[in-house]
Amino acid sequence: SFEPQFIVKRAEELLKPPKTVSLQVDEHGILYATGSAPRQWIVETRKIARFIPGVTQLQDNNLVILELSQLKLYKTQIEQEMLFFLEGTTELLPGEEKKLKNLVPKVQNLLYAAKYLGKNVRIKIIGHANTTGTQQQNIILSNNRAKKILSYLNFQGINTTDFSVNGVGSSQPLRSQVKQEDKQVNRRVSFQVYLTD
């Protein structure tokens, strides 16, 4: 049958798309592939798609190539993230929750791409504090900030087995701690991503 739902089923059986790709067929038999996939899968799909009964053409403009360069991009995006906290607490500054929510798909994309490309990922969540309080208090506080972010990622369904937390207190300031706004940027959590084969 040339009903779109049957054509899609046929296409899925023949093309075996990765979980990151969705296939749809319109009433004209155009097969739409959207999402992200390895270059090799895209090349093979372009060859095979026109031989699938009911498919008149393949439309893959919205398909992103998933390669090592993509993995490095996700790594960079995560390492550029910083989450800022209220003075002396593990509470995020107003507005930081949105950044934290946006971090989740970046981490998921990184982990999926790494798994697909046969890479291992370790993510270190680093808690920081400003110079207010003793260094011992700041180590504990910064460690608790990192733990809070780890806990949130875990709660979002991310497998955090290969994640670690590290509280460095005020030993790695972003800026000198003279002005109040300088102290504010030092109350943060940052990330380091390690990729290995």
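In which kind of crossing, left-handed or right-handed, does H3 pass H4? In this predicted model, the crossing of H3 past H4 turns out to be left-handed. Helix H3 covers residues 68-80 and helix H4 covers residues 96-116, and the two pack with their axes 9 Å apart, at an angle of about 150°. Angles over 145 degrees count as roughly antiparallel, so H3 and H4 get that label with respect to each other.

Who does the touching here? On the H3 side, the contact is made by Leu 71, Tyr 74, Lys 75, Gln 77 and Ile 78. H4 brings Leu 103, Lys 106, Val 107, Asn 109, Leu 110, Ala 113 and Ala 114 to the contact. Sorted by class, the contact of H3 with H4 comes out as eight nonpolar residues, two polar ones and two charged ones.

H4 also pairs up with helix H5, which runs over residues 135-155. The axes of H4 and H5 come within 11 Å and cross at roughly 55°, an angle that makes H4 oblique to H5. As for handedness, H4 and H5 cross in a right-handed way.

In this second pairing, H4 uses Leu 100, Lys 101, Leu 103 and Val 104, and these meet Ile 149, Tyr 152 and Leu 153 of H5. The class count for the contact of H4 with H5 is six nonpolar residues, no polar ones and one charged. Leu 103 of H4 is worth a second look: it is listed in the contact with H3, and it is listed again where H4 meets H5.

Note on methods. Residues numbered from 1 in each chain as written. Predicted model: local features only at pLDDT ≥ 70, side-chain atom pairs only at ≥ 80, totals over all residues. Heavy atoms only, no water. Axes fitted to C-alpha atoms, helices over the stretch in contact; angles between N-to-C directions. Helix = DSSP H or I, 4+ residues; strand = E, 2+ residues; numbered from the N terminus. Parallel < 35°, antiparallel > 145°, perpendicular 65-115°, else oblique. Left-handed = near helix turned anticlockwise from the far one by under 90°. Contact = heavy atoms within 4.5 Å. Nonpolar A, V, L, I, M, F, W, Y, C, P; charged D, E, K, R; others polar.
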